[in-house]
Amino acid sequence: MLLGFSRLYMSAAQTSRGTLGYLTSSELSAAVRILVPTRFRIMRALSVFVRNFPRPVIATVVALSIWASEKINSKIELHKLLQAEAADLLIPRTINSYMTLVGAQVNFFSLTKTFLVTRPTQLDLASRGRKLRDAACAKHRVKIDAGAAYAYEYRDQTGSLIGRFEVSSCPSLRESPGP
């Protein structure tokens, strides 16, 4: 019967004398450890803490709420900026004689640009990757530092992937060397 009422037992067994019937306070503590599940003991300790210190708990909850809402709002703004950037792209847009920008898609915090390559042998992905990383970091560093990623996919005329790279971080800005 005591096992079925373990939570009630834990809360009602605290008397001013520290005993419950024939149990001493140390025996009572041992019985609570054995009979009362850990989660109930933790919840009781937290409820006692909240009852005794409501102002610090409320202040902590308010501060965490403000911090979380700022983080969420900044991520929502980042997503909106990427959507606007994708909508402003002129698609299709000829890049050169063998490459055309054919698509742009926003997924959460990434903007993926898809290019159609008609002559894959002329595409130098390593060189193109360096140039686009430098350009993305120069133009979109603030967004990238805030968590945005720019992906570039190159596909042939059948839709098969030729290559893909992503810019999700920029090298740190170095101070220019002095005279």
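**Figure 1. Lys143 and Glu85, a buried pair joining two helices.** Lys143 is buried, and Glu85 is buried as well, in this predicted model. The two side chains meet in a salt bridge, with a distance of 2.7 Å from N to O. Because Lys143 belongs to helix H5 and Glu85 to helix H4, the contact ties together parts of the chain that are 58 residues apart in sequence. Side chains of opposite charge can pair when their charged atoms come close. A search of the whole structure finds 4 salt bridges, and the pair of Lys143 and Glu85 is one of the contacts that meet the criterion of a side-chain nitrogen within 4 Å of a carboxyl oxygen.

**Figure 2. A network of salt bridges that includes Glu153.** Glu153, Arg155, Arg164 and Glu166 are linked to one another in a network of salt bridges. Within this network, the side chains of Glu153 and Arg155 meet at 3.2 Å, taken from N to O, and Glu153 also forms a salt bridge with Arg164, where the closest N and O atoms are 3.2 Å apart. The pair of Glu153 and Arg164 links distant parts of the chain, since Glu153 is in strand S4 (residues 149–155) and Arg164 is in strand S5 (residues 161–167), 11 residues apart. The members of the network differ in their accessibility class: Glu153 counts as buried because its relative accessibility is 14%, under the limit of 20%. Arg155, by contrast, is partly exposed, with a relative accessible area of 26%, and Arg164 likewise counts as partly exposed, at 43% relative accessibility.

**Figure 3. The largest pocket and its lining.** The largest pocket has a volume of about 310 Å³. The elements that contribute two or more residues to its lining are helix H4 (54–88), strand S1 (93–96), strand S3 (110–117) and helix H5 (125–145). Of these, H5 gives the most to the lining, with 6 residues. In total the pocket is lined by 15 residues, and those that lie nearest its centre are Arg93, Lys113, Leu132, Lys139 and Tyr152. Sorted by class, the lining is made up of 8 nonpolar, 1 polar and 6 charged residues.

**Figure 4. A nonpolar surface patch that includes Phe53.** Phe49, Val50 and Phe53 together make a nonpolar surface patch of about 270 Å². Phe53 is placed in the loop between helix H3 (38–52) and H4. With a relative accessibility of 43%, Phe53 counts as partly exposed, and this value is therefore over the 30% relative accessible area that is required of a residue in a patch.

**Figure 5. The cis peptide bond at Pro92.** The peptide bond that runs from Ile91 to Pro92 is cis, and its omega angle is near -5°. Pro92 itself is located in the loop between H4 and S1, two elements that each give two or more residues to the lining of the largest pocket.

**Figure 6. Phe108, a residue with positive phi.** Phe108 has a phi angle near 50°, which is a positive value in a residue other than glycine. This residue, Phe108, is found in the loop between strand S2 (99–107) and S3. Because its relative accessible area is 65%, Phe108 is classed as exposed, a class that requires a value over 50%.

Note on methods:
Residues numbered from 1 in each chain as written. Predicted model: local features only at pLDDT ≥ 70, side-chain atom pairs only at ≥ 80, totals over all residues. Heavy atoms only, no water. 1 Å grid on protein atoms, 1.4 Å probe; cavity = no way out; pocket = protein on both sides within 12 Å on 5 of 7 lines; lining within 4 Å. Points joined across faces, edges and corners; volume = space filled by probe spheres on them. Helix = DSSP H or I, 4+ residues; strand = E, 2+ residues; numbered from the N terminus. Nonpolar A, V, L, I, M, F, W, Y, C, P; charged D, E, K, R; others polar. Patch = residues over 30% accessible without salt bridge, like charges linked within 9 Å, V, L, I, M, F, W, Y side chains within 5 Å. Areas by Shrake-Rupley, 256 points an atom, 1.4 Å probe, with all protein chains shown as cover. Buried < 20%, exposed > 50% of the residue type's maximum accessible area, 1.4 Å probe, protein only.
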